[in-house]
Amino acid sequence: MDKAKELQKIKEDMENDKNLPLVSKPEDIIPGDGNPDAEIVFIGEAGGYHESIQRKPFVGNAGTLLNQLLKSINIKREKVYITNMVKTRPPNNKDPLPEELSAYARYLDRELEVIQPKVIVTLGRFSMAKFLPGARITGVHGKKFDVNWKGKEAVIVPMYHPAAALRNGEVMRQIREDFLKLPGILEELKNKEESAEIEIEQMNLC
């Protein structure tokens, strides 16, 4: 499967979808951005002013902080994939409504099915609720959760939204600490995969 082509198709399908809320023209769509082969996918809430101009997620002040957080763990932005629950800019940056989240959900699902990331980092409570309904971000941020998502195992790491960190010094401290855990989580998953491969090889030799 050509992942880049599949992601381009998702973008075009959104641009041609006349039923998506908050969209009046194809250019209102803010598609996901990044590496189709990314090990980590970051999911935010929705686009803001700068995102609507550049048609890329996380390019405003929150995006600048996200770039700094990635740099702190020696991961280039080009290596990850970044997207949002609602793939446009809500008026006045209001919280997305349930019907809006529902309308865009199938496109996010398609992105994840194409990329097949090792880790999904949810940024903020709306993306967290997709995978961990009922959870409170104050109690679960920075922790690793193994969940069954559409019949497959998924590793979810909920974090605060960078925009919240810009408004609150304590949240800033916590999100910085949470990001430092990501390399260890990736290493743990890599070791788990290698152990599983060795186990399969040994079974085949028997």
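Author: Before we start, a nonpolar core is a set of buried Ala, Val, Leu, Ile, Met, Phe, Trp, Tyr and Cys residues joined through side-chain atoms within 4.5 Å. Also, this is a predicted model.

Reader: Thanks! So how many residues has the largest nonpolar core?

Author: It has 59 residues, and those with the most contacts inside it are Phe-42, Val-119, Val-121 and Phe-179.

Reader: And which helix gives the most to this core?

Author: That's α4, with eight residues. Helix α4 covers residues 98-115 and lies across β2, β3, β4 and β5. Its direction is at about 160° to β3.

Reader: Okay, new topic: in what order do the strands of the sheet come?

Author: The order is β1-β3-β2-β4-β6-β5, six strands in an open sheet with mixed pairing.

Reader: Why is one side of β1 and of β5 left without a neighbour in the sheet?

Author: Both stand at the edges with a single partner strand each, so one side has no neighbour there.

Reader: Back to Phe-42. What stands opposite Phe-42 in β4?

Author: Val-121 does. The strands β2 and β4 run parallel and are joined by four bridges.

Reader: And what is Val-119 in contact with, leaving aside its neighbours within four places in sequence?

Author: Among its contacts are Ile-40, Val-41, Val-155, Val-157 and Leu-182.

Reader: Last one: parallel or antiparallel, how do β5 and β6 run?

Author: They run antiparallel, with five bridges between them. Trp-149 has Lys-152 in β6 as its bridge partner. Two residues lie between the strands of this hairpin, where Lys-150 takes a positive phi near 55°.

Terms used. Residues numbered from 1 in each chain as written. Predicted model: local features only at pLDDT ≥ 70, side-chain atom pairs only at ≥ 80, totals over all residues. Heavy atoms only, no water. Pairing = 2+ DSSP bridges. Contact = heavy atoms within 4.5 Å. Axes fitted to C-alpha atoms, helices over the stretch in contact; angles between N-to-C directions. Buried < 20%, exposed > 50% of the residue type's maximum accessible area, 1.4 Å probe, protein only.
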